[in-house]
Amino acid sequence: MAGEPQSDCLFCKIVAGEVPATIVRETETTVAFRDINPQAPTHILVIPKAHYENAAALAAGAPELAADVLAATQAVADEEKLESYRTVFNTGSGAGQTVWHAHAHILGGRGLEWPPG
């Protein structure tokens, strides 16, 4: 069920403290941690504590929580002193989503090409 922790979800396990992560910021509704396979000098994931399968489900089911995730990305970017950065939500396997819990990637610390991919 949307919003409920899923026992087989890696990110739900991070939220619960069952799987270690390098947490850089935590709020009442979000957690931000360093990606274990960074694609840029700064690569941090921001997740809602509540489980939503992807960004589309999060936006439809809990728009206020989606706003919290975006606010947390800005706070993390400020704390990391990123003058420019990219925020990415991969939605669906064709877009590269591999963990089925909504999450934003913050990428920065180097030039980023456009278009991506």
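Author: Let's start with a definition: on a 1 Å grid over the protein atoms alone, a pocket is an open set of points where a 1.4 Å probe fits, with protein on both sides within 12 Å along at least five of seven lines, and its lining residues have an atom within 4 Å of a point. A volume is the space filled by probe spheres set on the points, which are joined across faces, edges and corners. The model is predicted, so local features need pLDDT of at least 70 and side-chain atom pairs 80 or more, while totals for chains, interfaces and linings use all residues. Numbering runs from 1 along each chain as its sequence is written, and side-chain values use heavy atoms, without hydrogens and water.

Reader: How much space lies in the largest pocket, and which residues lie nearest its centre?

Author: The largest pocket holds about 710 Å³. Its lining has 32 residues, with Asp35, Gln39, His43, Asn90 and His105 nearest the centre. By type, the lining has 16 nonpolar, eleven polar and five charged residues (Ala, Val, Leu, Ile, Met, Phe, Trp, Tyr, Cys and Pro are nonpolar; Asp, Glu, Lys and Arg charged; the others, Gly among them, polar).

Reader: Which element supplies the largest share of that lining?

Author: Helix H1 does, with three residues. H1 (10-15) and the strands E2 (30-34), E3 (42-48), E4 (85-88) and E5 (104-108) each give at least two. These are DSSP runs numbered from the N terminus: helices are H or I of at least four residues, strands E of at least two.

Reader: How many aromatic pairs does a search of the whole structure find?

Author: One. Phenylalanine 11 and phenylalanine 33 meet edge-to-face, at 5.4 Å centre to centre and 75° between the planes. Rings of Phe, Tyr and Trp (its six-membered ring) pair when centres lie within 6.5 Å, and planes over 60 degrees apart count as edge-to-face. The pair joins H1 to E2 across 22 residues. Both phenylalanines are buried, that is, under 20% relative accessible area, whereas exposed is over 50% (1.4 Å probe, protein chains only).

Reader: Is histidine 101 buried or exposed?

Author: Histidine 101 counts as buried because its relative accessible area is 0%. It sits in the loop between E4 and E5. Beyond neighbours within four places in sequence, its contacts (heavy atoms within 4.5 Å) include Phe11, Ile47 and Tyr52.

Reader: What should I check in the backbone?

Author: Try lysine 81, which has a positive phi of about 60° although it is not a glycine. Lysine 81 lies in the loop between helix H3 (63-79) and E4, and counts as exposed because its relative accessibility is 70%. Then visit the segment after E5, where proline 115 is found: the peptide bond from tryptophan 114 to proline 115 is cis, with omega near 0°.

Notes: Rings of Phe, Tyr and Trp (its six-membered ring) pair if their centres lie within 6.5 Å; planes under 30 degrees apart count as stacked, over 60 as edge-to-face and the rest as tilted.
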